[in-house]
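Work through the exercises below with the sequence and the model open. Each task is followed by a solution in steps.

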Amino acid sequence: MSLDVFKGEVGHAYVCATQNRGHNAEELADMALNKIVYIGDNVPDPIKEQALAYRENLRDVLVFYMRQAMLSERTTMRAEIMAEIKEN
């Protein structure tokens, strides 16, 4: 009888839970950054510093546009509610 054994490594699990609310723009940006930018442990310091600066700049952009998306969604929902009220 032959038994093949396969080994694998599963990535790190990252959980971000909230209580009685949804995620805010900052939390969502951090979750996205964990998927977009990875900085290894063995990266030379000058490259690591540059990567960290890039990550922080990207975070600022993500937070800004996520907030804009949240405001836009509220505007859309308000318009839909007002249209529904006018129909009734």
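**Exercise 1.** Does E27 count as buried or exposed, and why?

Solution. The model is a predicted one. Step one: E27 is located in helix 1. Step two: the relative accessibility of E27 is 17%. Step three: buried means under 20% relative accessible area, so E27 counts as buried at its 17%. Step four: once neighbours within four places in sequence are left aside, the contacts of E27 are C16, T18, R21 and G22.

**Exercise 2.** Check whether the span of helix 2 agrees with its number of residues.

Solution. Step one: helix 2 covers residues 45-87, which is 43 residues. Step two: at 1.5 Å a residue, the expected span is 63 Å. Step three: the end C-alpha atoms of helix 2 are 62 Å apart, which agrees with that expectation.

**Exercise 3.** Which residues of helix 2 are buried, and what does their cover include?

Solution. Step one: the buried residues in helix 2 are R55, L58, R59, L62, V63 and M66. Step two: their cover includes helix 1, residues 25-36. Step three: for the protein, buried residues make up 15% of the 88 residues.

**Exercise 4.** Place I81 in the structure and classify its exposure.

Solution. Step one: I81 belongs to helix 2. Step two: its relative accessible area is 48%, so I81 is partly exposed. Step three: I81 joins M77, M82 and I85 in a nonpolar surface patch of about 360 Å². Step four: the accessible surface of the protein is about 8100 Å², with 55% belonging to carbon and sulfur atoms.

Terms used. Residues are numbered from 1 along each chain as its sequence is written. This is a predicted model: local features need pLDDT of at least 70, side-chain atom pairs count only at pLDDT 80 or more; totals for chains, interfaces and linings use all residues. Side-chain values use heavy atoms; hydrogens and water are left out. Helices (H or I, at least four residues) and strands (E, at least two) are DSSP runs, numbered from the N terminus. The expected span of a helix is 1.5 Å times one less than its number of residues. Buried means under 20% relative accessible area, exposed over 50%, partly exposed in between (1.4 Å probe, protein chains only). Contact means heavy atoms within 4.5 Å. Patches are made of residues with over 30% relative accessible area and no salt bridge: like charges are joined within 9 Å, nonpolar side chains (Val, Leu, Ile, Met, Phe, Trp, Tyr) within 5 Å. Accessible areas come from the Shrake-Rupley method with a 1.4 Å probe; for residues, only the protein chains shown count as cover. A salt bridge is a side-chain nitrogen of Lys or Arg within 4 Å of a carboxyl oxygen of Asp or Glu.
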